[in-house]
Amino acid sequence: MRHLNPLNLKDQSGMMLLEALIAILIFSLGILGMVAINARAVEAATDSQARAEAAKFTSEIASRIALAVNRSSEGSIAASLAAFQHQPGGSACNFSGTASGSAIVTDWKDAVLASGRAGLPGATASGLQILVNTSATAFNRVTITVCWQPPGVATLRQHQLVSYVN
């Protein structure tokens with residue numbers, strides 16, 4: 001049997017403290033990793049909620065337009081759809097042109113731009129567009145686009161809905 005030399009035990013002093021510090025370091029790195037994952041999950045959930053809100057707003061205005069169209073004749077459908085066109089010009093997410101005078105579109109625009117939980121965060125008036133194409137080949141196509149910028153994100157988000165009104 002081998003006897004422990006008191007000098008070798010003295011060489012081992014402080015090892016337990018060093019092992020404990022390394023264990024604390026590894027544990028801290030694990031906790032920091034979990035915090036980073038949680039932050040990404042919250043960011044993804046917020047983005048998902050904004051996308052769902054954008055889909056809700058575009059679907060809502062498409063439904064309201066479809067219900068308000070005058071269907072007494074083919075010509076009246078095209079004429080009544082034209083009243084809903086909103087900012088037909090400009091480029092992606094920076095729309096311009098004549099704003100719709102329709103109360104339905106104005107109410108929708110106000111709802112999208114509302115502050116707080118009611119509206120779409122980061123949406124601007126120039127980020128809303130309703131295009132109406134009543135040509136024979138387009139079949140009364142209504143294209144609704146909503147753009148917004150989530151807080152803390154540099155890129156714009158866009159949601160587009162295409163609907164056909166007959």
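## Exercises on helix α2 and its surroundings

Among what covers the buried residues of α2 are α3 (74-82), α4 (103-113), β3 (128-133), β4 (141-148) and β5 (157-164). Keep in mind that this is a predicted model. Let's work through it together.

**Exercise 1.** Check whether the end-to-end distance of helix α2 fits its number of residues.

*Solution.* Start with the count: α2 covers residues 15-68, which is 54 residues. Next, take 1.5 Å a residue, with one less than the number of residues as the multiplier; the expected span is then 80 Å. Finally, compare this with the end C-alpha atoms, which are 80 Å apart, so the two values agree.

**Exercise 2.** Decide whether Asp47 is buried or exposed, and find its contacts beyond the neighbours within four places in sequence.

*Solution.* First, locate the residue: Asp47 sits in helix α2. Its relative accessible area is 18%, and buried means under 20%, so Asp47 is buried. It shares that status with other α2 residues, including Ala50, Phe57 and Ile65. Then list the contacts: with neighbours within four places set aside, Asp47 touches Pro150 and Arg157. With Arg157 there is a polar contact between the two side chains, at 3.1 Å.

**Exercise 3.** Work out the strand order of the open sheet and what packs on it.

*Solution.* The 3 strands follow the order β3-β4-β5, with antiparallel pairing. β3 and β5 are the edge strands, each pairing on one side only. On average, neighbouring strands are turned by 15° against each other, direction ignored. Now add the helix: α4 packs on the sheet, touching β3 and β4, and its direction makes about 150° with that of β3. Last, look at the β3 to β4 pairing: 6 bridges join these strands, and Val132 has Val142 in β4 as its bridge partner.

Notes:
Residues are numbered from 1 along each chain as its sequence is written. This is a predicted model: local features need pLDDT of at least 70, side-chain atom pairs count only at pLDDT 80 or more; totals for chains, interfaces and linings use all residues. Side-chain values use heavy atoms; hydrogens and water are left out. Helices (H or I, at least four residues) and strands (E, at least two) are DSSP runs, numbered from the N terminus. Buried means under 20% relative accessible area, exposed over 50%, partly exposed in between (1.4 Å probe, protein chains only). Contact means heavy atoms within 4.5 Å. Two strands pair if DSSP finds at least two bridges between them. Axes are lines fitted to C-alpha atoms, for helices over the stretch in contact, and angles run from 0 to 180 degrees between N-to-C directions. A polar contact is a pair of N or O atoms within 3.5 Å; within protein, one must be able to donate a hydrogen and the other to accept it, and residues adjacent in sequence count only if both atoms are side-chain atoms.
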